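Visitor: I would like a close look at one small part of this model. Please start from a single residue and work outwards. Keep it brisk, and give the cut-offs as they come up.

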Amino acid sequence: MSEVGIAPVVCAPARAAPHREQLILGVIGTLAFLLVWEVAARFDLINPVVVSNPSRIAAAFVAQLRSGEILGDLAVSLMEFAAGFGLSLVVGLGLGIAMGLNRLTEYAVDPFVWFLYSSPLIAFYPLIIVWLGFGFATVVAITFLLSFVSVVVNTLAGVQGVDPQLIRAVQAFGGTRLDVIRKVILPAAVPLIIAGMRIGLGRALHGVVLGEMFSSNAGLGYRITFYAAHLRTADVFVPLVILVVIGLLINQLGNAVEARLQAWRA
């Protein structure tokens, strides 16, 4: 009994240590890179006007924060991201499940899904502008189109990969179609659905930045092109750094969602 009680206490540090080492080494490596970058710019080993340096970027960040423009752009980008990816998630999950459960639906919709998958969607950008104009709607549309396919394709694969015997077992005990979906299909398809969601999250962020760069007068993507056009290199790095942080947070969000869904699946 005592051995069972002691075992978790002994093993916990061993499991936690690699994560601490990874974090510490990552922070040290990042700080070393920033230091070398700053020193190189101060001694004119690189052109600070073209490449900038951490101190100038920090000053630009403070200036944009005080003016409030970066917070406004961040709010716009997050709203566009939430709308575009949320729409792709709702439509992609619903359509993927419907295609997986019904062959006729799959045969009818499959050509359109693979058309979007194989087409260079950026080529349709002028048409989207003509249809929706500049601004919020166009950015959301581009975000949706870039993230939708990965969600629906992975959901379809997950549903089709469910063991038919499990479905027949639930039906044999009087389970309804909703019971089959809720108790068998969704839990079994969770790994592939999560994979589609994680891919879609990254592609949705790309869609927001791409749409804002060419069809918006607000947002982080717009701010990057604005500062770059005026050769304000330090200011360009501010929204870039924020986008990198958002990408990291999105990855952590994907991990949290995956853990929650895996627990639900169990």
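Visitor: In which helix does Ser147 lie, and what surrounds it there?

Guide: Ser147 lies in helix H7. Some ground rules come before the details. The model is predicted, so local features need pLDDT of at least 70 and side-chain atom pairs count only at pLDDT 80 or more, while totals for chains, interfaces and linings use all residues. Residues are numbered from 1 along each chain as its sequence is written, and side-chain values use heavy atoms, with hydrogens and water left out. Helices are DSSP runs of H or I with at least four residues, and strands are E runs of at least two, numbered from the N terminus.

Start with cover. Ser147 has 0% relative accessibility, so it counts as buried. Buried means under 20% relative accessible area, exposed means over 50%, and partly exposed is in between (1.4 Å probe, protein chains only).

Now the side chain. Ser147 and Ser88 are joined by a side-chain polar contact of 3.0 Å. A polar contact is a pair of N or O atoms within 3.5 Å; within protein, one must be able to donate a hydrogen and the other to accept it, and residues adjacent in sequence count only if both atoms are side-chain atoms.

Next, the neighbours. Setting aside those within four places in sequence, Ser147 is in contact with Gly84, Phe85, Ser88, Gly200, Arg203 and Ala204. Contact here means heavy atoms within 4.5 Å.

Thr143 is found in helix H7 too, which runs over residues 136–160. Thr143 counts as buried because its relative accessibility is 0%. Its side chain reaches the backbone oxygen of Val139 at 2.8 Å. A polar atom of that side chain lies 3.4 Å from the backbone nitrogen of Val208. Beyond four places in sequence, Thr143 is in contact with Gly84, Phe85, Ala204, Gly207 and Val208. Gly84, Phe85 and Ala204 thus appear among the contacts of Thr143 and among those of Ser147. An α-helix has 3.6 residues a turn, so residues three or four places apart point the same way.

Cross to the partner helix. Helix H4 covers residues 69–101, 33 residues in total. From its first C-alpha to its last it reaches 48 Å, close to the 48 Å expected at 1.5 Å a residue. That expected span is 1.5 Å times one less than the number of residues. The buried residues of H4 include Gly84, Phe85 and Ser88. Among the others are Glu80, Phe81, Gly92 and Gly96.

Now step away from this site, to the charged pairs. A salt bridge is a side-chain nitrogen of Lys or Arg within 4 Å of a carboxyl oxygen of Asp or Glu. By this rule there are four salt bridges. One of them joins Arg42 and Glu38 at 2.8 Å, N to O. These two residues are four apart in helix H1, so about one helical turn separates them. Arg42 is exposed at 57% relative accessible area, whereas Glu38 is buried at 14%.

Arg103 forms a salt bridge with Glu106, with the closest N and O atoms 3.1 Å apart. They are three residues apart in helix H5 (residues 103–118), again about one helical turn. Arg103 is exposed at 52%. Glu106 is buried at 11%.

Arg232 forms a salt bridge with Asp235 at 3.0 Å between the closest N and O atoms. Here Arg232 is partly exposed at 35%, and Asp235 is buried at 13%.

Two backbone details are worth a check. Ser52 has a positive phi of about 65° although it is not a glycine. Ser52 is in the loop between helix H2 (48–51) and helix H3 (54–67), and it is buried at 1%. Leu231, a residue other than glycine, has a positive phi near 55°. Leu231 sits in the loop between helix H10 (220–229) and helix H11 (233–265). With 71% relative accessibility, Leu231 counts as exposed.
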